[in-house]
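Reader: I'm new to protein structures, and I'd like to know where the words people use for them come from. Could we go through one together?

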Amino acid sequence: MRTIYFDHAATTAVAREVKEAMDPYFCENYGNASSLYELGYKSKEAINVAREKVAKVLNAKTNEIYFTSCGSESDNLAIKGVARANRHKGNHIITSKIEHPAVLNTCKQLEKEGFRVTYLNVDKNGFIDLEELKNSINRNTILVSIMFANNEVGTIQPIKQISNIAHKYNAIFHTDAVQAVGNVKIDVQEMGIDLLSMSAHKFYGPKGVGALFVRKNVNFVQIQNGGHQEHDKRAGTENVAGIVGLGKAIEIADRNMEENNKKLLQLRQYFLEQIKDKIPYIRINGDLKNRLPGNINISFMYVNGKDIVKMLANAGICTSSGSACSSGLPQPSHVLIAMGLSEDIAKSALRITLGKENTKEDIDYLIETLVKVVEYLRTER
Ligand code: PLP
């Protein structure tokens with residue numbers, strides 16, 4: 001049976017070109033980047049080249065890029081690092097209710113350490129309310145952390161307006177851009193971003209490697225103690241092959257972004273037109289304009305999203321009912337609940353995230369299978 005993959009927000013396949021770029025750093029150029037001989041220099045040089053590629057895509061400086069082990073670690077380092085370093089200035093942090101657990105649980109941890117956290121609401125499309133942000137921020141606010149694009153409904157936040165408000169109060173602005181990097185043009189200067197998290201496996205790079213951009217004058221401390229790697233801010237021997245892969249993947253994603261997005265938007269449009277026609281009692285969740293091009297989130301009333309996922313999987317189709325890391329949990333998505341959906345409608349949601357290899361034929365097969373699955377589950381009730 002053929003596998004058709006529609007879960008690109010969970011992870012992506014490593015691009016061939018990326019794998020080829022990584023290959024020499026396993027068995028040939030295996031040196032520790034801190035070693036003082038040729039093998040070590042080669043690894044150090046490869047890391048520097050990757051750092052330049054990341055910096056170029058974000059319009060940052062190379063010494064503002066720190067490599068980490070994943071998006072979650074980047075979020076932890078950003079939020080804990082800034083909070084702990086700036087405690088003397090204040091103890092208030094602002095985030096939103098629809099963040100990834102890497103941000104939400106980090107904030108919860110900081111609450112235990114005495115920080116006060118405001119979790120902003122979102123509207124029915126998943127946007128934060130700028131007025132609520134203005135009303136919540138004060139001179140005690142040291143950090144505002146709002147995700148660039150949501151992993152479940154794809155909503156893209158008004159990043160520049162958020163950073164403007166944060167900066168008016170001298171707060172530092174972090175954005176979890178794990179879902180946005182590779183899909184949206186990001187210019188950290190123009191958008192006023194102080195810290196930005198990314199993860200290679202979301203843009204056709206390898207798993208287990210991420211990066212964090214930190215603006216030069218932003219004060220933050222390490223959260224992991226050890227050696228002097230990554231300008232003393234992230235101890236641990238560098239994952240050279242992974243970092244090379246991240247660098248290559250971001251370069252390719254940036255180069256092909258316009259073309260890819262055009263294709264994804266066409267496929268999404270086609271899917272939405274077909275599905276509205278063929279299945280009654282559905283609800284498209286999230287904004288259709290300011291949204292990641294590959295993201296589709298639909299509630300199929302009267303059925304459980306997880307049951308749809310399992311039945312689609314039997315037909316070789318990979319989708320999800322929400323984020324990958326909460327797919328085993330019984331409770332409805334915290335994102336959809338924050339957007340005001342009832343528990344039943346939130347539980348009936350299906351997330352379909354398109355990628356560069358998907359075709360119109362894949363969509364046809366998905367629709368054909370969905371029609372059967374939803375009809376079966378509805379009559380079975
Ligand atoms: N932030 C967002 C918005 C995500 O979607 C994810 C992963 O799904 C993460 C953070 C965590 O990234 P990683 O899997 O690399 O730890």
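Author: Sure, here are some questions and answers on the chain, its ligand and two residues; keep in mind that this is a predicted model.

Reader: What makes the radius of gyration of the chain agree with a compact globule?

Author: You set two values side by side. A compact globule of 381 residues would have a radius of gyration near 21 Å, and the chain has 21 Å, so the two agree. Along its principal axes, the C-alpha trace spans about 65 × 55 × 35 Å. As for what the chain is built from, it has 14 helices and twelve strands.

Reader: How many of the residues in the chain are buried?

Author: Buried residues are 56% of the 381. To get that label, a residue needs a relative accessible area under 20%. The accessible surface of the chain is about 16,700 Å², and carbon and sulfur atoms hold 49% of it.

Reader: Now the ligand. Which residues come nearest to it?

Author: There are 13 residues around the ligand, and S72, D176, Q179, S199 and K202 come nearest. Helix α4 (residues 71–85) gives the largest share of that shell, with three residues. Sorted by class, the shell has three nonpolar, seven polar and three charged residues.

Reader: Why does the pair between S72 and the ligand count as a polar contact?

Author: The cut-off is 3.5 Å between N or O atoms. An N or O atom in the side chain of S72 is 2.7 Å from an oxygen atom of the ligand, so the pair is within the limit. S199 has a polar side-chain atom 2.6 Å from a ligand oxygen, and K202 has a side-chain N or O atom 2.6 Å from one. As for cover, the ligand has 390 Å² of accessible area on its own, and the protein covers 88% of that.

Reader: What is the phi of D232, and where is D232 found?

Author: Phi of D232 is near 70°, a positive value in a residue that isn't glycine. D232 is found in helix α9 (residues 229–232). Y281 has a positive phi too, near 55°, and is found in the loop between α10 (240–278) and β9 (282–284). Why point these out? Because most residues other than glycine have a negative phi.

Reader: Why is Y281 called exposed, while D232 is called partly exposed?

Author: Exposed means over 50% relative accessible area. Y281 has 55%, so Y281 is exposed. D232 has 36%, which falls between the 20% and 50% cut-offs, so D232 is partly exposed.

Key
Residues numbered from 1 in each chain as written. Predicted model: local features only at pLDDT ≥ 70, side-chain atom pairs only at ≥ 80, totals over all residues. Heavy atoms only, no water. Near = heavy atom within 4 Å. Polar contact = N/O pair within 3.5 Å; in protein donor to acceptor, adjacent residues only side chain to side chain. Areas by Shrake-Rupley, 256 points an atom, 1.4 Å probe, with all protein chains shown as cover. Helix = DSSP H or I, 4+ residues; strand = E, 2+ residues; numbered from the N terminus. Nonpolar A, V, L, I, M, F, W, Y, C, P; charged D, E, K, R; others polar. Rg over C-alpha atoms; globule rule 2.2 N^0.38 Å. Buried < 20%, exposed > 50% of the residue type's maximum accessible area, 1.4 Å probe, protein only.
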